[in-house]
Amino acid sequence: MADSAQAISVGDLVARFLEASGVKLAFGVISLHNMPILDAIHRRQSIRFVSARGKAWASLRRRAALLLVGCAAATGTWGQASPLERRLAQERFNLVAPFPPGGPVDTLARLLADGLQKRYGQAAVVENLAGAAGNLGLDKVKRAKPDGHTLLVVPAGNLTINPTLMANFAFNIERDFVAIKMLASAPNVLVAGTATGIVSLKDLLAKARARPDSLAYASPGVGSGLHLAGELFKQQAGVEILHVPYKGTGPALTDVLGGSVPLMFSNLPGVLAQIRSGKLLALGLTDASRSAVAPDIPTLAEQGVAGVVVSSWYGLLAPAGTPPELAEQLADDATAILAQPAVAEQLRAQGLSPAGPARPAEFAAQIRAETATWAKIIRARRIVAE
């Protein structure tokens with residue numbers, strides 16, 4: 001309590017000084033990792049944090065910076081910030097979400113932006129740059145300055161499926177980007193409509209083997225991660241099931257619920273309500289272990305179909321040329337932000353599980369491995385993007 005009281009007292013002193021001087025301070029002048037000081041300054045209603053540029057501000061910014069450095073030294077907090085943290089605190093962050101607002105990509109980007117803003121005292125903006133199957137967002141980040149301030153939040157498919165699926169894919173993921181970390185994941189699930197009469201995975205496999213191509217499964221579209229999950233399932237289970245592609249999850253789910261198509265691969269969060277209400281039967285998760293969100297649903301592997309581990313995950317990347325030490329720092333930042341109880345709870349509410357600590361090199365290796373896996377499936381099944 002003593003340290004907090006001292007920090008607030010110093011913050012009020014800074015605020016009063018700046019208020020008396022008529023200063024509008026750009027926080028980008030300096031980085032202080034002492035939130036009680038920043039909160040105390042920000043509470044002074046007559047002071048606004050604005051972006052300051054130009055020679056007219058130079059002297060004023062220098063005097064304000066010296067004052068804040070003195071305050072940080074007085075409270076012993078300046079030494080808590082590493083050189084990398086001070087470096088990241090110099091400019092605002094821009095998080096590019098290459099899909100419209102409202103989905104998991106947007107949610108993760110906004111949670112990260114909020115966390116980075118609080119951590120570094122800098123503005124953090126989310127830019128929803130939808131279009132071209134996410135490629136507009138990838139292109140913007142590819143061309144950005146590699147200083148750790150422009151980041152890409154993106155689903156797995158853009159990194160591991162599209163390079164093979166799209167004939168004119170304009171990126172080399174490993175060459176054009178720096179992998180930082182996986183942010184969160186959600187398991188996929190194979191479901192059956194209640195009108196099918198299918199009562200278990202064993203029952204499904206028996207029917208499919210007795211009459212090849214007599215069953216069909218829906219997916220959100222050709223080349224989607226859920227389409228490829230279905231193809232991998234067919235390969236590993238040794239069955240033939242027709243693929244019925246739709247333009248999005250909504251229409252596919254409608255037809256499965258209505259009985260037009262018997263089966264579907266879906267993200268677990270997207271069908272959990274229908275499973276719980278009895279409108280859909282969950283036959284198995286495409287994951288290595290059961291989900292904490294629905295622990296009563298077994299995995300496919302538990303039921304004898306091994307090798308179908310396909311989760312929907314979302315990652316954080318930066319432009320190529322981003323220094324390794326900045327990538328490591330940002331990975332630590334993202335891990336800490338998503339591990340906060342309130343943040344983790346928001347993710348769980350959407351059926352997402354925050355990823356644990358991992359190094360950028362490990363994430364890069366995972367992207368390479370999954371890209372190779374999907375390339376084999378796409379070529380073997382002769383899947384072509386529509």
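Q: In this predicted model, is D333 buried or exposed, and at what relative accessible area?
A: Buried means under 20% relative accessible area, and exposed means over 50%. D333 falls under the lower cut-off, so the residue counts as buried. Its relative accessible area is 1%.

Q: Which residue forms a salt bridge with D333?
A: The closest N and O atoms of the pair are 2.6 Å apart. The link joins distant parts of the chain, 214 residues apart. D333 sits in helix α14 (residues 324–339), and its partner sits in helix α5. That partner is partly exposed, with a relative accessible area of 31%. It is R119.

Q: Which helix holds both D106 and R110?
A: Their side chains meet in a salt bridge, at 2.8 Å from N to O. D106 is buried at 6% relative accessible area, while R110 is partly exposed at 39%. The two lie four residues apart, about one turn of the helix. That helix is α5 (residues 104–120).

Q: Where does the salt bridge between E302 and R290 lie?
A: The closest N and O atoms of E302 and R290 are 2.8 Å apart. Both residues are partly exposed, E302 at 46% and R290 at 40%. The pair ties together parts that are twelve residues apart in sequence. Both parts belong to the loop between β8 (280–285) and β9 (311–319).

Q: Which residues do salt bridges with shared partners join into one network?
A: A search of the whole structure finds 18 salt bridges. Some share partners and build one network. Its members are E231, K234, E240 and R381.

Note on methods
Residues numbered from 1 in each chain as written. Predicted model: local features only at pLDDT ≥ 70, side-chain atom pairs only at ≥ 80, totals over all residues. Heavy atoms only, no water. Salt bridge = Lys/Arg side-chain N within 4 Å of Asp/Glu carboxyl O. Buried < 20%, exposed > 50% of the residue type's maximum accessible area, 1.4 Å probe, protein only.
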